[in-house]
Amino acid sequence: MALRGKEFLWGASIANYQTDGAENTQWHEWELANADRLASDYDTAFKDVPTVDDFRVAGNNPQNYISGMGIHHRERYDSDFDKLQALNFNTFRFSVEWARVEPEEGVYDESEIAFLKDYIASIKSHGMTPVLTLWHWTMPLWFTEKGAFEKRENERYFEEFAAYVLQKLQDDIDIVLTFNEWNVYTFAGYIAGEWAPMQTSFLTAFKVALHLTETHNRVYDIAKMIKPAFKVSVAHNTADFIALNRKVTTKLGLAWNRWQRDNFFLDRTYQKMDFLGLNWYNADSYDGFTVKNPNEKVNDMGWDMRPIRIEKTLVRLYNRYQLPILITENGLADGDDSDREWWLSETLQALENAENAGVDLMGYLHWSAFDNFEWDKGYWPRFGLIAVDCENDYARDIRPSAQYYATRILEYRGK
């Protein structure tokens, strides 16, 4: 698909836990146990971020870190999709909540499938192609109590869940992402110990990563048996890796990070992908094994912003795997909307550059469609093209940068 073609996928993404919450999940249990700690850590964690004072009230409030019912998207999706349609989107990515579909082992809730069918029908009626994510980090408690993906014998539970959902929704969807950011989940939960289950074991992390890749490969085969026309991939997170000098340690550090972030996962799975889903937020400059970013321009979470560098990542991944690329997430925390238009402009230029370099691009989905619950940061980071006022009945407001994006979409379509 060409960037300026009629079939190019333009839109935005959400994860439905972040817009609606869900009890009976491991993340809900984790946030209840860690909200006080996260609130007390805010001042230290973000002390060097220029906008730290702008979000201090929310950042210091434990309730900020409790997802609750999210932004009530589940109740308002029709009107939410009205707004996305007005922004000229032709694609929308969302996720299935495993704990809602299978609240107990082997017990499936048919009413949730009925909800999903209505939800997807609304996406389509608003002129958008649905992109379904089967797993966006959250899991039912019964699965985590069995050891989740730490144990190879547990892979079958996800495979059975995936088969059930794909069988039920085969007439409703065509594009499927099995896992979201499997590498981020593995690192944050099993190496850094920052997220549930808060372990710090390289051996366990290796097992989890291996089991996730094995599971993807089998779910790919399952999907193709159900409907050969399914287009299946993952939403893989990576960065642009930059060496600051020519030292051997820098080259080794760069090679290690590329391997553990990309090659370990993708080398094992790319042959079971119809395209590559890419989540991209930053470039990382390395001195040895240490990240040393310039941070000349940072977002509200302190992340270095060099959006033009996505071009290098696209070229690198396309040259290695020769798969069409769908950008499944790309964005920034920007509460006052001062940088998002610039970010979009730089990113779109990078996409043009990558396409001119031979990269086969399927589409671009911004993160996120709406302000929502940003995991261990809670509600204070503002990633949405559409602002959500949680203090005023969750009122929606389309940001100026979203209008800019809508205009650019029409430009690329030649309208």
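Here are a few questions and answers on the cores, a pocket and a helix of this predicted model.

Q: Which helix gives the largest share of the largest nonpolar core?
A: That core has 123 residues, and Phe 92, Phe 158 and Leu 314 have the most contacts inside it. Its largest share is 10 residues, and these come from the helix spanning residues 202-226, namely α10.

Q: Which residues does Leu 314 touch, leaving out those up to four places away in sequence?
A: Leu 314 is among the residues with the most contacts inside the largest core. Counting heavy atoms within 4.5 Å as contact, and skipping residues up to four places away, its partners are Leu 278, Ile 325, Ile 327, Leu 351, Ala 354, Val 359 and Leu 361.

Q: How many residues make up the other core, the one with Phe 275 in it?
A: This core lies apart from the largest one. Val 131, Ala 235 and Leu 326 are among its members along with Phe 275, and its size is 9 residues.

Q: Which element supplies the largest share of the lining of the second largest pocket?
A: This pocket holds about 470 Å³ of space, and its lining has 11 nonpolar, 6 polar and 6 charged residues. Both α3 (56-59) and β10 (386-389) supply at least two lining residues each. The largest share, 3 residues, comes from β10.

Q: How many of the 9 residues of helix α9 are buried?
A: Buried here means under 20% relative accessible area. Trp 182, Tyr 185 and Tyr 190 are among those that qualify, and the buried residues pack against β3, β4, α10, β5 and α11. Helix α9 is mostly covered, with the buried count at 7.

Conventions:
Residues numbered from 1 in each chain as written. Predicted model: local features only at pLDDT ≥ 70, side-chain atom pairs only at ≥ 80, totals over all residues. Heavy atoms only, no water. Core = buried A, V, L, I, M, F, W, Y, C linked by side-chain atoms within 4.5 Å. Buried < 20%, exposed > 50% of the residue type's maximum accessible area, 1.4 Å probe, protein only. Helix = DSSP H or I, 4+ residues; strand = E, 2+ residues; numbered from the N terminus. 1 Å grid on protein atoms, 1.4 Å probe; cavity = no way out; pocket = protein on both sides within 12 Å on 5 of 7 lines; lining within 4 Å. Points joined across faces, edges and corners; volume = space filled by probe spheres on them. Nonpolar A, V, L, I, M, F, W, Y, C, P; charged D, E, K, R; others polar.
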